[in-house]
Amino acid sequence: MIKAKKRRAAAERARKTKFQADLAPSEDRTVRLLKEELELTSNTDFLSDAVALFRWAVLERRLGHRIISESASGERKVLVFPRLERVAPDLMLPRVEIKWTERELASLAELAAQEANPPTEALIRAVRG
């Protein structure tokens, strides 16, 4: 009786966790296309591979490494992914000292004290993309 309980408890611990996600239609299409391109037959395989890739990216950024894609011709692109930057170490940025004249400081103070202008239509369009 005790052995059966222990086996049952061990089996319950060994069960895999279920995962469910609500995807937008475009994300669902993307997942299906990627699974097809990678010849993956299950969502489990897809998620396992995605987790492994994301774990590697987190470890690399945590070490302060940049993640770079390089073309055959040597052109490089750096991965910009804000969520990964949360784990990147704080790096010492170069410090620049600016020597302001009295006139420049007065001009800066005047600009800072002014009422902000509303954004232009061009700026609004640029921000919205």
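**Exercise 1. Which helix supplies the largest share of the lining of the largest pocket, and how many residues is that?**

Before you start, keep in mind that this is a predicted model.

*Step 1.* Get a feel for the space: the largest pocket holds about 640 Å³.

*Step 2.* Look at its middle. The lining has 20 residues, and the closest to the pocket's centre are Phe19, Asn43, Thr44, Phe46 and Leu47.

*Step 3.* Sort the lining by element. Helix H2 (25-37) and helix H3 (43-62) are the elements that give two or more residues.

*Step 4.* Pick the winner: H2, with seven residues, has the largest share.

*Step 5.* Check the chemistry. You should get eight nonpolar, six polar and six charged residues in this lining.

**Exercise 2. Work out what kind of residues line the second largest pocket, and which helix gives the most.**

*Step 1.* This pocket comes to about 490 Å³.

*Step 2.* Of its 17 lining residues, Ala50, Val51, Leu53, Phe54 and Phe81 sit closest to the centre.

*Step 3.* H3 and helix H4 (82-85) each bring at least two residues to the lining, and H3 gives the most, with nine.

*Step 4.* Now split the lining by type: 15 nonpolar, two charged and no polar residues.

**Exercise 3. Find how many residues of helix H6 are buried, then see what follows the helix.**

*Step 1.* H6 covers residues 121-128, eight in total. Count a residue as buried if its relative accessible area is under 20%.

*Step 2.* The count is zero, so by that cut-off H6 is hardly covered.

*Step 3.* Move along the chain: after H6 comes Gly129, with a positive phi near 85 degrees.

Methods. Residues numbered from 1 in each chain as written. Predicted model: local features only at pLDDT ≥ 70, side-chain atom pairs only at ≥ 80, totals over all residues. Heavy atoms only, no water. Buried < 20%, exposed > 50% of the residue type's maximum accessible area, 1.4 Å probe, protein only. Helix = DSSP H or I, 4+ residues; strand = E, 2+ residues; numbered from the N terminus. 1 Å grid on protein atoms, 1.4 Å probe; cavity = no way out; pocket = protein on both sides within 12 Å on 5 of 7 lines; lining within 4 Å. Points joined across faces, edges and corners; volume = space filled by probe spheres on them. Nonpolar A, V, L, I, M, F, W, Y, C, P; charged D, E, K, R; others polar.
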